[in-house]
Amino acid sequence: MIRLKNILLEGLSKNKVQSIVDRVFPQIAQDRGLGKQGMPKIKLHHDIYARLSGIEDMRGEESDSTKAQWVDEDNTIYIYYTNMKNEEDVIRSVLHEFEHTHQDAKKNEKYREQGYDNNPYEIAARNAEKKWKQYLAIDEVDYHSKLSRGHKPDWYQLHTSDFKPFDENFADGKKPGRKGISKRVGIPKKATLTQLAKLAKAKGEKGRMARWQLNMRRGKKKKKSS
């Protein structure tokens, strides 16, 4: 008999981990901004010892506990997908390591002498993890919406594994977001074009939703007059 507990302990597949990374990383990157070495790459790997040794089946005492790490030499965040048990694990790992990309790698060598619990850089990274819940509700359409409207991709969109252009025309009235998203980000229910134009300059989800509504309203208006 297969129990739910056993299924949950199996963790996530590599493809599932990748899809979560692709979904949340663009928004995390936009919220936090570039690291000290620019935008890091994110790569999945099955084991830290196998990666470091180059030996595919190499294992060590931390094989089952190391979830992720940022390597400053190549500015890459490595996610060890075999240790990802759920979506929370993935999001926390990305937030934690992305925080490290904003820190001085040379200072971290000194801070490590204070131990993991007292290392100020690790404390900051653990605090960054606390925001993980706000990225649970992000749909892929959030970071693909600009492409859907014919915009050139932003730097953060180019780092997703499933990057591809869209052909939809948002003037057809199809909503790209979740129900109630306008209200949640602070866009008035019957906002005028002038109000939307001002809100479109905002950063993050609010600006994206305002720009989408503005384009949709203008598209419908143009369609009626033609």
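This is a short conversation about how some structural words apply to the model above.

Author: Welcome! The model is predicted, so local features need pLDDT of at least 70 and side-chain atom pairs count only at pLDDT 80 or more, while totals for chains, interfaces and linings use all residues. Residues are numbered from 1 along each chain as its sequence is written, and side-chain values use heavy atoms, leaving out hydrogens and water.

Reader: What makes strand 3 largely enclosed by the rest of the structure?

Author: Buried means under 20% relative accessible area, with exposed over 50% and partly exposed in between (1.4 Å probe, protein chains only). Five of the five residues of strand 3 (residues 76–80) meet that term, so the strand is largely enclosed. Thr76, Tyr78 and Tyr80 point one way and Ile77 and Ile79 the other way. Strands here are DSSP runs of E, at least two residues, and helices are runs of H or I, at least four, numbered from the N terminus.

Reader: Which strands pair with strand 3, and how do you know that they pair?

Author: Two strands pair if DSSP finds at least two bridges between them. Strand 1 (residues 41–45) has five bridges to strand 3, in the parallel sense, and lysine 41 stands opposite threonine 76. Strand 2 (residues 68–71) has four bridges to strand 3 and runs antiparallel to it; there, alanine 68 stands opposite isoleucine 79. Strand 2 and strand 3 form a hairpin with four residues between them, and asparagine 75 in the turn has a positive phi of about 50 degrees.

Reader: Why are the buried residues of helix 6 said to be on the same side?

Author: In helix 6 (residues 120–129), the buried ones are Tyr121, Glu122, Ala125, Ala128 and Glu129. They cover an arc of only 115 degrees around the axis, which puts them on the same side of helix 6; the arc is that of the directions from the helix axis to the C-beta atoms. What covers them includes helix 4 (87–100) and helix 5 (105–111).

Reader: What makes a group of residues a nonpolar core?

Author: Such a core is a set of buried Ala, Val, Leu, Ile, Met, Phe, Trp, Tyr and Cys residues joined through side-chain atoms within 4.5 Å. The largest one has 22 residues, and those with the most contacts inside it include Val17, Phe25 and Ile79. Its largest share, seven residues, comes from helix 2. Apart from it lies another core of ten residues, among them Ala191 and Met209.

Terms used:
Contact means heavy atoms within 4.5 Å.
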